[in-house]
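User: Hi! I'm new to this one and would like a guided look around. Could you pull it up so we can chat about it?
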2 protein chains.
Amino acid sequence: MAQAPIYERVALIGLGLIASSMFWAMKRGGLAGEVRGFARSAETRAAAREIGLCDVVCDTAVEAVADADLVVLCVPVGVMAAVAAEIAPVLKPGATVSDVGSVKRAVIESVGPNIPPGVNFVPAHPLAGTEQSGPRSGFAELFDNRWCLLVPVENSDPEAVSRLEALWRGMGSNVERMDADHHDLVLAVTSHTPHLIAYTMVGVADDLQRVTDSEVVKYSAAGFRDFTRIAASDPTMWRDVFLTNKEATLEILGRFTEELFALQRAIRLGDGEHLFEYFTRTRAVRRGIVEAGQDTDAPDFGRTGKPR
Amino acid sequence: MAQAPIYERVALIGLGLIASSMFWAMKRGGLAGEVRGFARSAETRAAAREIGLCDVVCDTAVEAVADADLVVLCVPVGVMAAVAAEIAPVLKPGATVSDVGSVKRAVIESVGPNIPPGVNFVPAHPLAGTEQSGPRSGFAELFDNRWCLLVPVENSDPEAVSRLEALWRGMGSNVERMDADHHDLVLAVTSHTPHLIAYTMVGVADDLQRVTDSEVVKYSAAGFRDFTRIAASDPTMWRDVFLTNKEATLEILGRFTEELFALQRAIRLGDGEHLFEYFTRTRAVRRGIVEAGQDTDAPDFGRTGKPR
């Protein structure tokens, strides 16, 4: 890439799936000069050094952020405030601090007050992931054609927001801006509640003594395996999501159980018409997702044989 | 294939995803001499004739099953008994009648009494599917490395069961035999309840006025789209599943809501430890499924970019 990088120096705090994918995506696009990385765990830092993840892997967060034009917090939401407090004294004036947390109101409330005057705070949330985690799980294409939601705070500098947007577009994302509360509600619907439900269903299957674990595993292609995929994500991250997006999640859960009870009643009463109408309606939502390029309707996602 | 076919004449009643995939899989393996097909809808029969689905497409079920060595009922569970009653008078002595229904106790109770003496009844259930339906949706590889459960009834002739097993193995499946009630419970866990939950979650998202449909679609990659995939299956088929596997589904649903309420309470109380432990346990189930070859852990199932 002949074009000048968007940021001269970037610091990634936390080196899991998202941070490692950001590194490879920035390298692919020539979007950053030097990228420094830090992870709390010595094992993660060693893995990063081994695979060439980041230009420099630092042993402290303070070392990683010194001189950085962009600092991205890629740690679980529950520890972001502590990290922000730790690095605040060494943040460069004019630098931008961002994050990749799955909730935004809680991040703004806990990280925001730690950001010193003269430093821009631009929260963000890339909607992309796999069931893998850790420094070895990243890849440059993770964000391609996925959405990244920017959630500027009241005093976010417009220039700083645009620059961060350019970075995310350079990494392959589509970018949208959104208000924090609306973000948290949309994500409660499209991500947080589905994850909780998937975790629950997998837990039920695992508990059931009349059905063995090996049966659950063997016959999972009948539908269950799609739940296990989303129930395999990082437990720390998800614990923090539910603790910090409590209100919206509980609201959507309330609606969910209401509708589930109505369907349960239809089953009990043998009300086939109710079931048929409900199941017909949900098909249309699926069609919209495939048409919007957010999924493929290829048989079995190409997991097994190819279609004729 | 130089080897002799397993059945000289096969009749497929109903020409949707499963029947059409069976036809292509039988052709691939040289497993059947002549395959006749019948579908109630003239549109489906015309589509089948157009794409060469079945050696002969018949205008009546009676015509399709005359002389058949194997008749497979590939219609929704709710209409199987009526179809069985219609074809019973012309079934060839020594022939085998099977089905591909997702529930087995109800099929045995409704179809069984219609099978004349001298004809073998061997219920079956291939655990394979895609979100597509109809005569154009089938492909030869659908059953490869998937399970087919045979549920022989009390007086099923062992030779007839073995022959049907050979057919399914020839179509790429692994085969297991199972008791009808256990089948219905295992499927309630691995398929029926997950589908109901997915339908519910998609319905909730569709209902929510504070989040627009386009937002639900745009941001679906965050987890929700895996629910929409399984909530896009054929509504008639799923209505019949819930009406005919009522008891087991309601039992598993009861356990599900119990566990969901416990997690909901942990969220409300901020009990992070409970959440973390639960989410850690469910990861192990996922690992088992990937190891058993029933899914891939490739990022995003290769929906988008390839990993490095």
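User: What is the handedness of the crossing of α7(A) and α11(B)?
Analyst: In this predicted model, α7(A) and α11(B) make a right-handed crossing. Helix α7 covers residues 180-207 of chain A and helix α11 covers residues 246-269 of chain B. Their axes come within 9 Å and cross at roughly 125 degrees, and α7(A) and α11(B) are therefore oblique to each other.

User: Which residues of α7(A) and α11(B) make the contact?
Analyst: From α7(A) there are Leu196(A), Ile197(A), Thr200(A), Met201(A), Gly203(A), Val204(A) and Asp207(A). On the α11(B) side you'll find Ile252(B), Arg255(B), Phe256(B), Glu259(B), Leu260(B), Leu263(B) and Ile267(B).

User: And how many of those in the contact of α7(A) with α11(B) are nonpolar, polar or charged?
Analyst: That contact of α7(A) with α11(B) has 9 nonpolar, 2 polar and 3 charged residues.

User: Let's look at another helix pair. At what angle do α12 of chain A and α7 of chain B cross?
Analyst: Roughly 65 degrees, with the axes coming within 9 Å. Here α12 is residues 272-291 of chain A and α7 is residues 180-207 of chain B. Since 65 to 115 degrees counts as roughly perpendicular, α12(A) and α7(B) are therefore roughly perpendicular to each other.

User: Is the crossing of α12(A) and α7(B) left-handed or right-handed?
Analyst: The crossing of α12(A) and α7(B) is left-handed. Among the residues making the contact are Tyr278(A) and Phe279(A) of α12(A), and Leu196(B) and Tyr199(B) of α7(B). Sorted by type, the contact of α12(A) with α7(B) has 7 nonpolar, 3 polar and 3 charged residues.

User: Okay, on to the sheets. What is the strand order of the open sheet in chain A?
Analyst: The order is β3-β2-β1-β4-β5-β6 in chain A, an open sheet of 6 strands with parallel pairing. At the edges stand β3 (56-58) and β6 (120-121) of chain A, each with a single partner strand, so one side of each has no neighbour in the sheet.

User: How many bridges pair β2 with β3(A)?
Analyst: Strand β2 of chain A, residues 32-38, pairs with β3(A) over 3 bridges in the parallel sense. One residue pair to look for is Phe38(A) with its bridge partner Cys58(A) in β3(A).

User: Which strands of chain A does helix α2 lie across?
Analyst: Helix α2 of chain A, residues 42-51, lies across β2 and β3 of chain A and runs at about 170 degrees to β3(A). Helix α6 of chain A, residues 158-170, lies across β1, β4, β5 and β6 of chain A, at about 80 degrees to β1(A).

User: What about chain B, which order do its 6 strands take?
Analyst: In chain B the order is β3-β2-β1-β4-β5-β6, again an open sheet with parallel pairing. Strands β1 (residues 7-13) and β2 (residues 32-38) of chain B run parallel, joined by 6 bridges. Val10(B) has Val35(B) as its bridge partner in β2(B). Helix α1 of chain B, residues 17-29, packs on that sheet, touching β1, β2 and β4 of chain B.

User: Last topic: how many salt bridges does the structure hold over all chains?
Analyst: There are 34 over all chains. In one salt bridge, the side chains of Arg136(A) and Glu50(A) meet at 3.1 Å, N to O. This pair links distant parts of the chain, 86 residues apart: Arg136(A) is in the loop between β7 and β8 of chain A, while Glu50(A) belongs to helix α2 of chain A.

Terms used. Residues numbered from 1 in each chain as written. Chains lettered and ligands numbered in written order. Predicted model: local features only at pLDDT ≥ 70, side-chain atom pairs only at ≥ 80, totals over all residues. Heavy atoms only, no water. Pairing = 2+ DSSP bridges. Helix = DSSP H or I, 4+ residues; strand = E, 2+ residues; numbered from the N terminus. Contact = heavy atoms within 4.5 Å. Axes fitted to C-alpha atoms, helices over the stretch in contact; angles between N-to-C directions. Parallel < 35°, antiparallel > 145°, perpendicular 65-115°, else oblique. Left-handed = near helix turned anticlockwise from the far one by under 90°. Nonpolar A, V, L, I, M, F, W, Y, C, P; charged D, E, K, R; others polar. Salt bridge = Lys/Arg side-chain N within 4 Å of Asp/Glu carboxyl O.
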